[in-house]
Amino acid sequence: MRRSLVLLKQATKTNHNRIMACGVLALLVFLPTWVFSIGYSIIKGHSTPLLNFGFLYLGLDSFWTQRQRLQANPASDEEQILGYVLILGSAACYPFCFGSISLQALICIVVLLGIAIANWGVAIVQKQPLAILLILTSVYPGLGFLGNTVRQTLTGDQLECLMAWLGGLSLSAIGQPVTVDGAILSLSTTLDPKKAVEVASGCSGFDMAFPIAGFALIMGLFFKQSWQKIVALMAIGIALALAFNVPRIVLLAFSVVYWGKGAFEFWHGPIGGQIFATIMLTAYYYIAMAMIDSSSKEGKRG
C-alpha cells in the first residue's frame with residue numbers, strides 16, 4: 001500500500017509524469033481486452049499469440065539493453081510536446097472505441113509511440129526502429145486476422161486458387177477425376193456424381209505460413225542471425241507451410257467424397273489442423289536449427 005502511494009505521488013509530481021500516467025492508464029484499460037483476445041485465440045488453437053509474446057520480449061529486451069544510451073539522449077521540448085499530443089489525443093479518443101478491439105489496439109500503439117517520443121525524442125525511431133516495430137506489432141491481438149486481411153486486400157483469392165490448382169494436380173496424379181475452377185475442386189465418382197470442395201481462406205495455407213514466418217523472424221533475431229539468413233528461414237518456412245497444405249486439401253477432398261461429414265469436420269477443424277501444423281513445425285524446426293547451427297560453425301571458423 002505504501003509503495004502504491006509513493007508511485008501515485010511520483011506520477012502526479014510533474015506535468016510530464018501526469019501525461020505519462022495518463023498514457024499508462026489507457027494501456028492498463030486495454031490490457032484485459034488484450035489478455036482475453038490472446039487467451040481466446042490460444043483456446044481456439046491459433047498459434048499467432050506466440051508471435052505477440054515473442055515480438056514483445058525481443059522489443060523490450062532491445063530497449064533494456066540500450067537503456068543507458070537512451071537515457072543519455074532525452075527528448076527536446078518540441079519533441080515532448082509532440083509526444084504529449086499523441087498521448088492525450090489518443091487517450092481522449094479511447095472511450096469512443098470500446099466497440100472495436102482493433103481501434104483500441106491502434107490507440108494504444110499511438111500512445112506507446114507518444115510515450116517513446118516524449119521521453120527519447122523522434123530519434124528513437126531511427127535508433128531502435130526494429131524494437132519499436134516489434135513492440136507496436138505485439139499490441140495488436142489478432143495478427144493472423146490482420147495479416148490475412150492485408151493479403152486478401154492486395155491479392156484477392158490468388159492463394160486460394162493456387163492451392164486449389166496444386167490440390168487438383170495431386171488428385172489427378174493419384175487417379176482421381178477432378179476439375180478445378182478457380183478455388184473450387186470438383187470430383188466425380190461412382191459414389192456421387194459430383195462433389196465440390198472450396199479452398200476458402202482458412203484452407204489457403206496462410207494460417208500456417210504466417211505464423212511460421214513470424215517464428216522464423218523471432219528465431220533469427222534471438223539467435224542473432226544475419227538478415228540474409230533470417231529471410232532464408234522465413235522463405236523456407238512459408239514454402240514448407242504451403243507444401244504441407246496441399247496434402248491437407250487432398251485429405252479434405254477425400255473426406256468429402258468418401259468418408260463423410262464427420263471426417264471432414266475433424267480434419268477441417270482445430271484438431272486436424274493442429275496435427276498438420278505439428279508435423280510441419282517439427283520438420284521446420286530441424287531444418288531451421290540445422291541452418292542456425294551451420295552459421296554458428298561458420299562464425300567460429302571465421
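Which residues lie nearest the centre of the second largest pocket? They are L27, L56, L60, L112 and I135, out of a lining of 23 residues. The model described here is predicted.

**The two pockets**

The second largest pocket has a volume of about 680 Å³. Helices α2, α3 (49–65), α4 (67–71), α6 and α8 (129–139) each contribute at least two residues to the lining of this pocket. Among these helices, α6 gives the most, with 6 residues. By class, the lining of the second largest pocket holds 20 nonpolar, 2 polar and 1 charged residues.

The largest pocket has a volume of about 1,000 Å³. Its lining is made of 40 residues, and K44, G45, H46, S47 and D207 are the ones nearest its centre. Six helices, namely α2, α6 (101–120), α9 (143–155), α11 (206–222), α12 (227–259) and α14 (270–301), each supply at least two residues of the lining of the largest pocket. The lining of the largest pocket divides into 19 nonpolar, 18 polar and 3 charged residues. Helices α2 and α6 are named for the largest pocket and also for the second largest pocket.

The table sets out the two pockets.

| Pocket | Volume | Lining residues | Lining by class |
|---|---|---|---|
| Largest pocket | about 1,000 Å³ | 40 residues | 19 nonpolar, 18 polar, 3 charged |
| Second largest pocket | about 680 Å³ | 23 residues | 20 nonpolar, 2 polar, 1 charged |

**A nonpolar patch and helix α2**

On the surface, V24, L28, L31 and V35 make a nonpolar patch of about 330 Å². One of these residues, L31, lies in helix α2, which spans residues 15–43. L31 counts as partly exposed because its relative accessibility is 42%, and partly exposed covers the range between the 20% limit for buried and the 50% limit for exposed. Helix α2 also supplies at least two residues to the lining of each of the two pockets.

**The salt bridge**

How many salt bridges does a search of the whole structure find? The search finds 1 salt bridge. It joins R151 and E160, with the closest N and O atoms 2.9 Å apart. Both R151 and E160 are buried. Side chains of opposite charge can pair when their charged atoms come close.

**Single residues in helices and a loop**

A91 belongs to helix α5, residues 77–93. With a relative accessible area of 17%, A91 falls under the 20% cut-off and is therefore buried. A91 and Q104 are 13 residues apart in sequence, and their C-alpha atoms are 9.9 Å apart in space.

A235 is placed in helix α12. Its relative accessibility is 43%, so A235 counts as partly exposed. The C-alpha atoms of A235 and A213 are 7.4 Å apart, while the two residues are 22 residues apart in sequence.

Is K224, in the loop between α11 and α12, buried or exposed? K224 counts as exposed because its relative accessibility is 72%, which is over the 50% cut-off. K224 is not a glycine, yet it has a positive phi of about 55°. The helices on either side of the loop that holds K224 are α11 and α12, and each of them supplies at least two residues of the lining of the largest pocket.

Technical notes: Residues are numbered from 1 along each chain as its sequence is written. This is a predicted model: local features need pLDDT of at least 70, side-chain atom pairs count only at pLDDT 80 or more; totals for chains, interfaces and linings use all residues. Side-chain values use heavy atoms; hydrogens and water are left out. Patches are made of residues with over 30% relative accessible area and no salt bridge: like charges are joined within 9 Å, nonpolar side chains (Val, Leu, Ile, Met, Phe, Trp, Tyr) within 5 Å. Accessible areas come from the Shrake-Rupley method with a 1.4 Å probe; for residues, only the protein chains shown count as cover. A salt bridge is a side-chain nitrogen of Lys or Arg within 4 Å of a carboxyl oxygen of Asp or Glu. Helices (H or I, at least four residues) and strands (E, at least two) are DSSP runs, numbered from the N terminus. Buried means under 20% relative accessible area, exposed over 50%, partly exposed in between (1.4 Å probe, protein chains only). On a 1 Å grid over the protein atoms alone, a cavity is a set of points where a 1.4 Å probe fits but cannot get out, and a pocket is an open set with protein on both sides within 12 Å along at least five of seven lines; lining residues have an atom within 4 Å of a point. Grid points are joined across faces, edges and corners, and a volume is the space filled by probe spheres set on the points. Ala, Val, Leu, Ile, Met, Phe, Trp, Tyr, Cys and Pro count as nonpolar, Asp, Glu, Lys and Arg as charged, and the others, Gly among them, as polar.
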